[in-house]
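Biologist: Please show me the model, and then let us go through it with short questions and answers.

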Amino acid sequence: MSNNDTVADRKIVTFTLGKRIFGIDMTSLIEIREWEEPTPLPNVPPFIKGVTNLRGNVIPVVGLSERLGWEPSAIHPRSCILVVSIAGKQAGFLVDEVTDIVAINSQEVQPAPDVEIGEPSVIAGLVRITARGADGTKSQEGQMVLLLDLDALSLTKHLDLAA
Amino acid sequence: MSDELDEIQAIFFEECTEGLTVAEEGLSAMQNGDTSADTIASVFRAVHSIKGGAGAFGHVALTHFAHSFENLLDAVRGGKIEPTLPLVKVMLIAFDTLSDHVSAATGQADVPEDADMIARLDGILVAGGLSDEDEGLAPAPSAQAPAPDAAKASEPSAEDADPFGFEPVTVDIAQLDGDKGGPADWLVRFVPGNGDLANAGEPLLVVREVETLGGEIIAVDLGDMPGLRDLDTESAYFGWTLRVPGTVEESAIRDCFDFVSPEAVVEITREEGAVAMAAAPELPDVRAQVDPAGDLDQMLSVVQSIAEVTAVASPSPGTDAPRDVGTKYPDKPSEAVSQTIRVDLAKLDMLLNLVGELVIRNSILSDRLSSADQQRVELPELARLTRQIQDNVMSLRAQPIRQAFSRVPRMLRDLGAETGKNINLETIGDTTEVDKGVIEKIGDPLTHMIRNAADHGIESAEERIAAGKSPDGTIRLSAEQKGARIFVRVKDDGRGINREKVFAKAVEKGIVPADAQLSNEEIDQLICAPGFSTADTISNISGRGVGMDVVRSNVEALGGRVEIASVPGEGTTFTMILPLTLAILDGMIVRLAGQRFVLPLAHVIETIQPEPGQVKRTTPNNEVIDMRGEYLPIKRATEIFGLNDDRPIEDSLVVIVESDTAGQVGLVVDTIDDRREVVIKSLDQNLHPIRGLGGATILGDGSIALILDIEALVASPTQTRFSPKGMAA
Amino acid sequence: MSKLILTVDDSASMRMLLKASLTAQGYRIESANDGEHGLERMHEVKPDLLITDINMPKMDGFELIEAVRAEGGFKGTPILVLSTEFSDEKKTRARNAGATGWITKPFEAEKLGAAIRRVCP
């Protein structure tokens, strides 16, 4: 943790689902947009909320919380859609709140511990970050962030099984 | 600059693909007996251009292979080697290796093993044709001990004696002298020939260039200068001697004289001695004073370089008189070369989207105008222009289907080698133009269909002879446009579908119950069921039944369908029926449980506001509508999609649609909002094809409407049984 | 005014590559995609130097050079051949047709520049 600042070689965007903090690599992120009700699709698993229009592209919107096996996120004013690119395909993830963009050092990422997620493989690892407080100062103890493995979340992979 | 280079390289790879297509077409024509000069030249040029570009972009292996191939083609073009059928077949195999090299250069494949093929091509070149032993597929005899000429031929280099001046023989003087405290200065004597002025050459520029290397003129030779009266301004009279610092590479000095004519005198010597070079190309006069202390290897390499030059200068053996070519076959009509520019496909798609929007806005505008305004002449004119723009933009995306067909000949050659079957290919209608998106997506289905035909359809030669057929099988690949649809057929003259076997297999696999009563056509369709395979032994060609079911699902995802027709003993025809374009659709905007959907207008026959009692429930799950005494089945998309809908039928509309698979069916919708053209966005681009949906579109307000796939929605239970969903149920 | 060079090659990538490396060396570039087109462009742009490929559809490099030399007006215009071929026979043919020099592809930008300066100061 102490050498966080010296060799930060990765940037992640952190967000919350319920009380947990997750992170994905900035390199996968296309944009963050406000929640907007997507057009529902028939014959798809419930975690696929529908499709939405991203600058002329039709992209699926996924309830990430349900996708990971928890209760659906309740929509509130800070609900966001993280638009990401997974293996050349684009998708939007519904998350509760985007919290920060932080630099981390890949060597500080620890292997995923036992977490209460149905599919442990979707967690690529764990990293501790020094969260910025509301006043901009860094808190002392830091927070644990679960890094998501987007490839494991690939929609088509999962849908092939679900169909 | 590097971005620019990448871009140019991308264009080069496109040219390679085009070049390969041209070369393959030419070689196929040669295989069929067309050995006209034009045909051979087209193949030569294609390979030559690939080599040129490959060299420029540093693809060494590709350049090297293309070079050997080109040398052989050049000999065939020059009439030195007869393009016999066995030779053309060897060249086709060489072509395949060339294609593999191109794939490797683009990073799509590994660099192929080509040493044997290069040795073989070079061997043929040296021998002046295929030797008798080599008429078969035996490896080239020269693979072991390449003749000197062959070794020379496979070495792309400009080290030959050269009519533009002398060409260097690779003798590294600096190396021979050893490092003895700096080399001695060069003395360079240059007397231009008359030819140097004739072709707009300017000897003085050569002298200036030597000066830039640090050379200084130490003598000007005016000895041959005639009197002023006899002076010919077109002739060269002067000679120069320059001293150049000994540290300058000899090759750098020689480069300056690269363009001087053969009759010019160029001598480059060390000031205290002794390497002189005459310009005469026939017998390079190489006098290297080798340091007595210099080691034997260096001497040997000098001798070898001299030997190489001599070998090239001597006439090659087996040179026949040039054949009279080009009269036996009608000349190909020269292709009309129109000026073209290359456009990024994304830009084209953007244009298409915008035009789509324009069409939509146009129809909205039209709807909002008063009926009096609608009568005005400007509006239909605007609509007509918009339509024309749209047609033109669509045609920009149209490409000849040849692009999708182009990989079939190669595949058949590979399949022929694997199965031992000799299969001829006939291609019809390959100039049919289809939307680029369609071409991109029919590649895989086409591959499976061809493989299936080669593997399961065409019999072995023995079996064919026993059945009274020619030992060679034939696959006919054809494309034709009928209305807004493209028909792509793969027809083989094989054994046809063994329906008993197919049915038994389907029962065994649990795809149909043992007591099912199926028509012949229905049995044929079973081939496309997932997990179905009729091969007694699983071959590595068609694989484990991931073949025809993939064809079916891919084609359906494109909004098309597959038909199978088979006559036992005579063969099988697979037909892919595809939409002409994947981009635009004339649709009706309808609502299902309040949500907007697009219903393709091509299917719509009429729309009914049902009278009370006109729709009757026949069984708990089936409804029919009484259409003037004729009863048509009713489908509720809301039920199929699991949407909540408690709207009474009297408040709904019934759209009568015509389908290929189920005839006329009534589809229940809430209301009809609009009729308009929509730009189709595929769902599988970012998601997955969804059964019952043909894609999505973005409406004028930015919201999304899903496009209904009528065929899938109305499909009878027999058909749905084979869908993945049906299988799971 | 910088020198104007006409490049004739049937390969678009080769034309672009030539243009990119020669523009970077301060030349102005016009191009044509075969011999016939090249001859037309010669008249239109009247370049200081012609660089042509040999193997091209319609009219090949030899024919182009002969045609250009036959027209009198281009007697003093240097012509460089840029080809992957390098046989004596081809080079002799090119010289007899009226070529000033021969450069073997692939070219290096620097050497190409030196070759150009050798015929076109």
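Biologist: Which element of chain B gives the largest share of the side that touches chain C?
Modeller: In this predicted model, 32 residues of chain B are in contact with 34 residues of chain C. On the chain B side, at least two residues each come from helix H1 (2-31), helix H2 (37-56), helix H9 (203-212) and helix H10 (250-256). The largest share is 8 residues, and the element that supplies it is H2(B).

Biologist: How many residues of the side of chain B that touches chain C are charged?
Modeller: The residues on that side divide into three classes. There are 14 nonpolar and 8 polar residues. The charged ones number 10.

Biologist: And where chain B touches chain A, which elements of chain B give two or more residues?
Modeller: This contact takes 21 residues from chain B and 21 residues from chain A. On the chain B side, two or more residues come from each of two strands and a helix. They are strand E23 (693-698), strand E24 (704-708) and helix H25 (724-728) of chain B.

Biologist: How many residues on the side of chain B that touches chain A are nonpolar?
Modeller: Sorted by class, that side has 3 charged and 8 polar residues. The nonpolar residues number 10.

Biologist: Turning to chain C, what pattern does it follow along the sequence?
Modeller: Chain C has 5 helices and 5 strands. Of its 121 residues, 56% are buried. Read along the sequence, the elements follow the pattern β-α-β-α-β-α-β-α-β-α.

Biologist: Why are the buried residues of helix H2 of chain C on the same side?
Modeller: The buried residues of helix H2 (residues 35-45) of chain C are C:Gly35, C:Gly38 and C:Met42. They lie on the same side of H2(C) because the arc they cover around the axis is only 50°.

Biologist: What do those buried residues pack against?
Modeller: On the other side of H2(C), C:Glu40, C:His43 and C:Glu44 are exposed. The buried residues of H2(C) pack against elements of chain C, namely strand E1 (4-8), strand E2 (28-32), strand E3 (49-52) and helix H3 (61-70).

Biologist: Which residue with a positive phi follows H2(C)?
Modeller: The phi of this residue is near 45°. The residue that follows the helix is C:Lys46.

Biologist: What percentage of the residues in chain B are buried?
Modeller: Chain B has 25 helices and 24 strands. Among its contacts between residues at least 6 apart in sequence, 68% join residues at least 24 apart. Of the 729 residues in chain B, the buried part is 37%.

Biologist: In the sheet of chain B with the order E2-E3-E1-E4, which strands stand at the edges?
Modeller: This is an open sheet of 4 strands with antiparallel pairing. An edge strand has a single partner strand, so one side of it is left without a neighbour in the sheet. The strands in that position are strand E2 (216-221) and strand E4 (265-270) of chain B.

Biologist: Within that sheet, which residue stands opposite B:Val191?
Modeller: Strand E1 (residues 186-191) of chain B pairs with E4(B) in the antiparallel sense, over 6 bridges. The residue of E4(B) opposite B:Val191 is B:Val265.

Biologist: What is the average twist in the sheet of 6 strands in chain B?
Modeller: The strand order in this open sheet is E16-E20-E21-E19-E18-E17, and the pairing is mixed. Its edge strands, each paired on one side only, are strand E16 (604-608) and strand E17 (615-619) of chain B. From one strand to the next, the twist averages 35°.

Biologist: Do E19(B) and E21(B) pair in the parallel or the antiparallel sense?
Modeller: Strand E19 (residues 630-636) and strand E21 (residues 663-669) of chain B are joined over 3 bridges. B:Arg636 stands opposite B:Val668 in E21(B). The sense of the pairing is parallel.

Biologist: Which residue takes a positive phi in the hairpin of E18(B) and E19(B)?
Modeller: Strand E18 (residues 622-627) of chain B pairs with E19(B) in the antiparallel sense over 5 bridges. B:Met627 stands opposite B:Glu630 in E19(B). The hairpin has 2 residues between the strands, and the one with a positive phi, near 45°, is B:Arg628.

Notes: Residues numbered from 1 in each chain as written. Chains lettered and ligands numbered in written order. Predicted model: local features only at pLDDT ≥ 70, side-chain atom pairs only at ≥ 80, totals over all residues. Pairing = 2+ DSSP bridges. Axes fitted to C-alpha atoms, helices over the stretch in contact; angles between N-to-C directions. Buried ≥ 20, exposed ≤ 12 C-beta atoms within 10 Å, placed from the backbone. Arc of directions from axis to C-beta. Contact = placed C-beta atoms within 7 Å. Nonpolar A, V, L, I, M, F, W, Y, C, P; charged D, E, K, R; others polar.
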